[in-house]
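Reader: I have a model open beside me and would like to go through it with you. Could you walk me through the reasoning behind each label?

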Amino acid sequence: MGQLTVGSNPTPSAETARTLPGVDRVQLDELMGVALDEAREADEHGDVPIGAVVARDTGEVVARRHNQREQDADPTAHAEILALRDAARAAGSWRLDGFALVVTLEPCPMCAGAVVAARLGLVAFGAADPKAGALGSLYNLAADPRLNHEATVVDGVRADECAPLLTAFFADRR
């Protein structure tokens with residue numbers, strides 16, 4: 001697992017993740033397994049293989065989705081957005097404090113903005129996105145004190161499994 005960021009204070013060791021409430025490495029690994037299954041489904045219909053899961057702090061999965069931009073002809077049909085919509089419906093509220101988002105690729109600015117808007121407490125992702133990542137690579141919207149909410153971010157969760165899905169997908173299209 002990679003670096004942990006809490007609010008606007010980067011923490012040098014991911015070991016700290018084990019001591020924060022609601023952050024459990026084993027649980028994050030299991031949830032990433034569900035997100036990876038979702039990512040593989042996206043590839044079946046020509047979408048970029050990205051999967052996302054929203055779970056309660058207890059680990060109960062309330063939503064799981066994959067990219068559907070091509071399938072739905074919708075530029076906003078990112079796995080994260082779809083999963084957050086489903087989770088909000090399941091929770092009966094747009095406020096998702098007490099929930100975590102686990103996603104195979106670092107969220108883009110749109111999805112990171114949705115994390116802030118939904119008041120998520122934790123986001124974990126697998127592969128970093130140096131071209132569009134907005135939770136650490138290019139920006140870190142979850143740790144911007146100018147915004148009305150900050151979230152804990154854990155990067156690199158099962159990145160060795162997440163990154164090859166994306167690499168293979170794009171290699172097949174070149």
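Reader: Which residue stands opposite A55 in β4?

Author: Happy to start there: A55 faces V61 in β4. Do keep in mind that this is a predicted model.

Reader: How do you know that β3 and β4 are paired strands?

Author: Two strands pair when DSSP finds at least two bridges between them. Strand β3 (residues 51–56) and β4 are joined by five bridges, so by that cut-off they count as a pair. The two strands run antiparallel. Another of the contacts to look at is V53, whose bridge partner in β4 is R64.

Reader: What is special about G59 in the hairpin of β3 and β4?

Author: G59 takes a positive phi near 100°. The hairpin has four residues between its strands.

Reader: Which strand does β3 pair with in the antiparallel sense over five bridges, apart from β4?

Author: That is β5. V53 helps you find the place, since V53 stands opposite V102 in β5. V102 then leads onward, with A124 in β6 as its bridge partner.

Reader: What makes β5 and β6 a pair, and in which sense do they run?

Author: The cut-off is at least two bridges. Strand β5 (residues 99–105) and β6 have five, in the parallel sense, so they pair. Between them comes helix α4 (residues 109–118), and β5, α4 and β6 make a right-handed β-α-β unit.

Reader: Which strand pairs with β6 over three bridges?

Author: Strand β7 (residues 152–154) does, again in the parallel sense. Here L122 stands opposite T152.

Reader: Why is β6 called mostly covered?

Author: A residue is buried when its relative accessible area is under 20%. In β6 (residues 122–127), six of its six residues are buried. For β3, five of its six residues are buried, and this strand is described as mostly covered too. Over the chain, buried residues make up 48% of the 174 residues.

Reader: Why is the contact between R25 and D29 called a salt bridge?

Author: The rule asks for a side-chain nitrogen of Lys or Arg within 4 Å of a carboxyl oxygen of Asp or Glu. In R25 and D29 the closest N and O atoms are 3.9 Å apart, so the pair meets the rule. Both residues lie in helix α1 (residues 25–44), four residues apart, about one turn of the helix.

Reader: Is R25 buried or exposed, and what about D29?

Author: Neither label fits, because buried means under 20% and exposed over 50%. R25 has a relative accessible area of 31%, so R25 is partly exposed. D29, at 23%, is also partly exposed.

Reader: How do you know that R64 and E38 form a salt bridge?

Author: Their closest N and O atoms are 2.8 Å apart, and the cut-off is 4 Å, so the pair counts. This pair links distant parts of the chain: R64 is in strand β4 (residues 61–66) and E38 in helix α1, 26 residues apart.

Reader: Why is E38 called buried?

Author: The limit for buried is under 20%. E38 has a relative accessibility of 6%, so E38 counts as buried. R64, at 36%, counts as partly exposed.

Reader: What makes R65 and D86 a salt bridge?

Author: The closest N and O atoms of R65 and D86 are 2.6 Å apart, so the pair satisfies the limit of 4 Å. R65 lies in strand β4 and D86 in helix α3 (residues 79–91), so the pair ties together parts that are 21 residues apart in sequence. D86 is partly exposed, with a relative accessible area of 21%. Salt bridges that share partners join R65, D86 and R89 into one network. By this rule the count comes to nine salt bridges.

Reader: How many helices and strands does the chain have?

Author: There are five helices and seven strands. From the N terminus on, the elements run β-β-α-β-β-α-α-β-α-β-β-α.

Reader: Where is the pLDDT below 50?

Author: The chain averages a pLDDT of 89, and 87% of the residues score at least 70. Over residues 3–20, though, the pLDDT is below 50. Where pLDDT is low, the predicted coordinates should not be read in detail.

Notes:
Residues numbered from 1 in each chain as written. Predicted model: local features only at pLDDT ≥ 70, side-chain atom pairs only at ≥ 80, totals over all residues. Heavy atoms only, no water. pLDDT = per-residue confidence, 0-100. Contact = heavy atoms within 4.5 Å. Buried < 20%, exposed > 50% of the residue type's maximum accessible area, 1.4 Å probe, protein only. Right-handed = clockwise from strand over helix to strand, strands pointing away.
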